[in-house]
Amino acid sequence: MRKAILIADDEQRMRKLIADYLLREGYTVIEAGDGRDAIEKFRRDKVDLAILDVMMPGYDGWTVCREIRKLSGIPVIMLTAKGEEVDQLFGFEIGADEYITKPFSPRVLTARVNAIFRRAGDENARQLSCDGLEIDPDARVVTVDGCRLEFSPKEYELLVYLAGNKGRALSREQILNSVWDYDYFGDLRTVDTHINRVRTKIGTRSHLIQTIRGYGYRFGGEQ
């Protein structure tokens, strides 16, 4: 089944440019010209991934992202002319998975979309478990003591990567390159922000993700 991608941007030319590249890759495209329209179409149609411009009339991209996160854990890519680090960290805090600053290459954006879906399809199918935390990659379900937890796609990918490398010391660079792709030019604090979100969600099992001062993290290893 073809994946459906929601493109929300008030610039028609930008929407068409992105849509043309995604259509060539075989995706179905749903366009929205403002934030309110984006939310309505997200609720009405089946959407597998959303590309949201931050600066839109009506509801901005942040608001749309928050509304999506109330209902779904689909991947969300934010587009913005703002390049400040604080904006990127804010986007990750509210549940965005990727952050691309304008101007950008539509080919790079398309590659990011392909990579997100490829990782989702290529994840190791073996069951991962540690101290009552269970990950079922086939169903993309995480439970703690039998209670199901909700994660954004990037948070889920991060947890699977850590758990799949149980006991190994992983640098922030390794984590960034593996979970966000080798060509992601993000700040290393992106890793810390997502680690904190995952720790919060796994609650009483947060101790499984250990901090290695000045280096990175380790999952489930010895203290």
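These are my notebook entries on what I looked up in this structure, which is a predicted model.

**Entry: the five-stranded sheet**

I began with the strands. One open sheet has 5 strands with parallel pairing, and I wrote down the order as S2-S1-S3-S4-S5. Which strands stand at the edges? They are S2 (28-32) and S5 (98-101); each has a single partner strand, so one side of each is left without a neighbour in the sheet. I also looked up the twist: neighbouring strands here are turned by 20° against each other on average, with direction ignored.

Then I picked one pairing to follow. S3, residues 49-53, runs parallel to S4, residues 76-80, and 4 bridges join them. Opposite leucine 52 I found methionine 78, which is in S4.

What lies across this sheet? I noted helix H1 (residues 12-24), which lies across S1 (4-8), S2, S3 and S4. Against S2, helix H1 runs at about 170°.

**Entry: the three-stranded sheet**

Next I turned to another open sheet, this one of 3 strands with antiparallel pairing, in the order S10-S12-S11. Its edge strands are S10 (170-171) and S11 (209-212), and each of them pairs on one side only. S10 meets S12 (residues 216-219) over 2 bridges, in the antiparallel sense. I checked serine 171 too: its bridge partner is glycine 216, in S12.

A helix goes with this sheet as well. H6 lies across S10, S11 and S12, and its angle to S12 is about 70°.

**Entry: the largest pocket**

How much space lies in the largest pocket? I put down about 620 Å³. Its lining takes 29 residues, and those nearest the centre are Gly73, Ile74, Arg140, Phe151 and Pro153.

I sorted the lining by kind and got 13 nonpolar, 4 polar and 12 charged residues. Several elements supply at least two lining residues each, among them H3 (61-71), H5 (106-122) and H8 (189-202). Strands S8 (141-144) and S9 (147-149) do so too, and so does H6 (153-164). I had already met H6 lying across the S10, S11 and S12 strands.

**Entry: aromatic pairs**

I found 2 aromatic pairs in the structure. In one of them, the rings of tyrosine 27 and phenylalanine 117 have centres 5.6 Å apart and planes at 35°, so I logged the pair as tilted. Which parts does this pair tie together? Tyrosine 27 is in the loop between H1 and S2 while phenylalanine 117 is in helix H5, so the pair ties together parts that are 90 residues apart in sequence.

**Entry: two backbone spots**

Last, I went over the backbone in two loops. Lysine 102 and proline 103 are joined by a cis peptide bond, with omega at about -5°. I placed proline 103 in the loop between S5 and H5.

Where is aspartate 131? I found it in the loop between S6 (128-130) and S7 (133-136). I flagged aspartate 131 for its phi, which is near 55°, a positive value in a residue other than glycine.

How values were computed:
Residues numbered from 1 in each chain as written. Predicted model: local features only at pLDDT ≥ 70, side-chain atom pairs only at ≥ 80, totals over all residues. Heavy atoms only, no water. 1 Å grid on protein atoms, 1.4 Å probe; cavity = no way out; pocket = protein on both sides within 12 Å on 5 of 7 lines; lining within 4 Å. Points joined across faces, edges and corners; volume = space filled by probe spheres on them. Helix = DSSP H or I, 4+ residues; strand = E, 2+ residues; numbered from the N terminus. Nonpolar A, V, L, I, M, F, W, Y, C, P; charged D, E, K, R; others polar. Pairing = 2+ DSSP bridges. Axes fitted to C-alpha atoms, helices over the stretch in contact; angles between N-to-C directions. Contact = heavy atoms within 4.5 Å. Phe/Tyr/Trp six-rings, centres within 6.5 Å; stacked < 30°, edge-to-face > 60°.
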